Amino acid sequence: MILRIDPSSAVPPYDQIRSQLVTIIATGMLPAGQRLPTIRQLAADLGLAGGTVARAFRELELSGYITTRGRHGTFIAERPPASAVDREQALVAAASAFAVQAAAAGVDPRRVLEKALDGLRSRGDATAGA
């Protein structure tokens with residue numbers, strides 16, 4: 001699993017983790033039932049405190065994206081949230097993660113928007129750019 005934390009970002013690390021995982025789950029890169037790393041392991045991999053990762057996991061669980069099965073681990077929920085509010089939150093999270101990554105890469109905002117539109121067009125969205 002590839003998560004990146006931007007320590008210079010105004011977005012707190014727990015929210016960076018949460019939004020990136022929402023995006024990864026929403027795009028199907030992590031399928032339902034997939035086991036996530038332990039809080040301790042993910043914290044060590046990202047160089048963060050365990051409490052930071054635990055908060056992200058707690059928020060993801062409350063939102064219905066993941067489930068915790070005690071000592072058996074944490075897994076991607078079988079049915080991620082699908083309400084309009086949840087879709088909007090997922091969109092905001094995905095856009096935020098995209099913006100954070102683009103800014104960290106030093107990409108011009110106009111170029112970022114062009115690439116986002118190209119991505120939508122490549123998926124067959126006829127309204128992209130309209």
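Reader: What does the relative accessibility of Lys-115 tell us?

Author: Buried means under 20% relative accessible area, exposed means over 50%, and partly exposed lies in between (1.4 Å probe, protein chains only). Lys-115 has 44% relative accessibility, so this residue counts as partly exposed. The structure is a predicted model, in which local features need pLDDT of at least 70 and side-chain atom pairs count only at pLDDT 80 or more, whereas totals for chains, interfaces and linings use all residues. Residues are numbered from 1 along each chain as its sequence is written, and side-chain values use heavy atoms, with hydrogens and water left out.

Reader: With which residue does the side chain of Lys-115 meet in a salt bridge?

Author: A salt bridge requires a side-chain nitrogen of Lys or Arg within 4 Å of a carboxyl oxygen of Asp or Glu. Here the partner of Lys-115 is Asp-118, at 4.0 Å from N to O. Asp-118 is partly exposed, at 36% relative accessibility. The two residues are three apart in helix H5, and so about one helical turn separates them. Elsewhere, Asp-15, Arg-18, Arg-55 and Glu-59 are joined into one network by salt bridges that share partners.

Reader: How many salt bridges does the count come to?

Author: The rule just stated gives seven salt bridges. One of them links Glu-59 to Arg-18, with 3.9 Å between the closest N and O atoms. Because Glu-59 lies in helix H3 and Arg-18 in helix H1, this pair ties together parts that are 41 residues apart in sequence. Glu-59 itself is partly exposed, with a relative accessible area of 25%. By contrast, Glu-114 and Arg-111, whose side chains meet at 3.2 Å from N to O, both lie in helix H5 (residues 109-122), three residues apart.

Reader: How many helices and strands does the protein have?

Author: Helices (H or I, at least four residues) and strands (E, at least two) are DSSP runs, numbered from the N terminus. The protein has five helices and two strands, in the order α-α-α-β-β-α-α from the N terminus on.

Reader: Which residues of helix H3 are buried?

Author: Val-53, Ala-54, Ala-56, Phe-57 and Leu-60 are the buried residues of H3. They fall within an arc of 160 degrees when seen down the helix axis, so they line one face of the helix; the arc is taken from the directions from the axis to the C-beta atoms. Gly-51 and Leu-62, on the other side of H3, are exposed.

Reader: Against which elements do the buried residues of H3 pack?

Author: Contact means heavy atoms within 4.5 Å. The buried residues of H3 pack against helix H1 (13-26), helix H2 (39-46), strand E1 (66-68) and strand E2 (74-76).

Reader: How many residues does helix H3 have, and what span does it reach?

Author: An expected span is 1.5 Å times one less than the number of residues. H3 (residues 50-62) has 13 residues and reaches 18 Å from first to last C-alpha, close to the expected 18 Å. Gly-64, with a positive phi near 90 degrees, follows H3.

Reader: Which residues does Ser-19 touch?

Author: Leaving aside residues up to four places away in sequence, Ser-19 touches Ala-93 and Ala-97. Ser-19 is found in helix H1 and is buried, with a relative accessible area of 4%. For the protein as a whole, 30% of the 130 residues count as buried.
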